[in-house]
Amino acid sequence: MKILVTGAKGMLGQDLCPTLEDKGHELIEADIHNFDITDKKNSEDFILDKKPDLIIHLAAYTNVNLAEDEPKKAELINVAGSKNIAMCANKLDIPIIGISTDYVFDGKKTTPYLPKDKPNPINVYGKTKYMGEIEIQKNCKKHYIVRTSWLYGVHGKNFVDTMIKMKDKDIIKVVNDQIGAPTWTIDLSDSLLKVLDMPYGIYHMSGGGKPVSWYGFAKTIFELLNINANLIAVSSKEYPTIAKRPKYSYMDNSKFLRNWKLALKDYLNLTQ
Ligand SMILES: NC(=O)c1ccc[n+]([C@@H]2O[C@H](COP(=O)([O-])OP(=O)(O)OC[C@H]3O[C@@H](n4cnc5c(N)ncnc54)[C@H](OP(=O)(O)O)[C@@H]3O)[C@@H](O)[C@H]2O)c1
């Protein structure tokens, strides 16, 4: 299949593209240097000329805290940009897979979020990603929305590497009242195309296994590395961030991906 990926130079894109190439697909790796997704004409010229069989739309405004100060920019990229890309897929009559986030939920549930649960985002990033989901569904008949969470991978600044860099600090404070599921970019890349066997719609694809807090995730990182770090569990109130985060955003992932601990083990073996 000829697959066009937007946001190909981002953290997920840099693992997704070679993974799909290894599976025998032809990749068109698009990023801001090829066309800006907020530019409707440039996006259309590029995409219609390449005639892909599938678009995987990753390009996004992803800085959760900064989005609170730049809501217009986040909206332009995540909503108008997603609409432009979805319209191109529709013109070509091909499917689009749009990647979205657990941050579309408000975190008030205490059991795993299901694709049919109503989003109610509590920060600008989550709101714009949710509005982007709606644009994709409205503007492309053949749409898949795949929500993932807490991504980490070698090609981006991520929580795992941040924890390891901090290992010698006197105290490492990590919040224990935000619960979710870490997801290795390689695991998501490997399984993403499974949705093509399913009806068009919304799917959740994040690390499997038990829900975990950021504190629990950090504890597991240090345990697997046999590092005796001085980790202290704190509440979100003690560790405020500019953007509010949902207290619970663990999503039922229909067993698409393996246990997040197994993935973490592999990531650490590869990188440490
Ligand atoms: N990271 C997570 O924890 C997480 C969790 C859930 C869902 N997601 C979603 O997963 C997808 C991939 O995330 P990621 O972490 O790989 O993000 P990322 O590293 O920030 O990559 C996004 C890519 O999109 C590009 N981009 C931004 N604005 C653009 C525009 N106007 N036109 C064209 N390209 C543009 C970026 O270029 P620049 O770097 O030059 O801006 C970057 O290469 C995103 O849709 C994100 O919302 C991420």
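A residue counts as exposed if 12 or fewer other C-beta atoms lie within 10 Å of its own, and as partly exposed between that and the 20 or more of a buried one. I start from this cut-off, and I keep in mind that the model is predicted.

**Entry: Lys-51**

I looked up the backbone here and found a positive phi of about 45 degrees, although Lys-51 is not a glycine. I then placed Lys-51 in the loop that runs between helix H2 (40-50) and strand E3 (54-57). Is Lys-51 buried or exposed? I read 11 other C-beta atoms within 10 Å, so Lys-51 is exposed.

**Entry: Ser-254**

I came next to another positive phi in a residue other than glycine: for Ser-254 the value is near 50 degrees. Ser-254 also sits in a loop, between strand E12 (231-234) and helix H8 (260-271). I noted 15 C-beta neighbours inside 10 Å, and therefore Ser-254 goes down as partly exposed.

**Entry: the ligand shell**

I turned to the ligand and found 26 residues surrounding it. The closest are Gly-7, Gly-10, Leu-12, Ala-60 and Leu-151. Which elements supply at least two residues each to this shell? My list has helix H1 (11-22), helix H3 (71-92) and strand E4 (96-101). Of the elements, H1 gives the most, with 3 residues.

I finished with the make-up of the shell around the ligand: 12 of its residues are nonpolar, 10 are polar and 4 are charged.

How values were computed:
Residues are numbered from 1 along each chain as its sequence is written. This is a predicted model: local features need pLDDT of at least 70, side-chain atom pairs count only at pLDDT 80 or more; totals for chains, interfaces and linings use all residues. Helices (H or I, at least four residues) and strands (E, at least two) are DSSP runs, numbered from the N terminus. A residue is near a molecule or strand if its C-beta atom, placed from the backbone, lies within 6 Å of it. Ala, Val, Leu, Ile, Met, Phe, Trp, Tyr, Cys and Pro count as nonpolar, Asp, Glu, Lys and Arg as charged, and the others, Gly among them, as polar.
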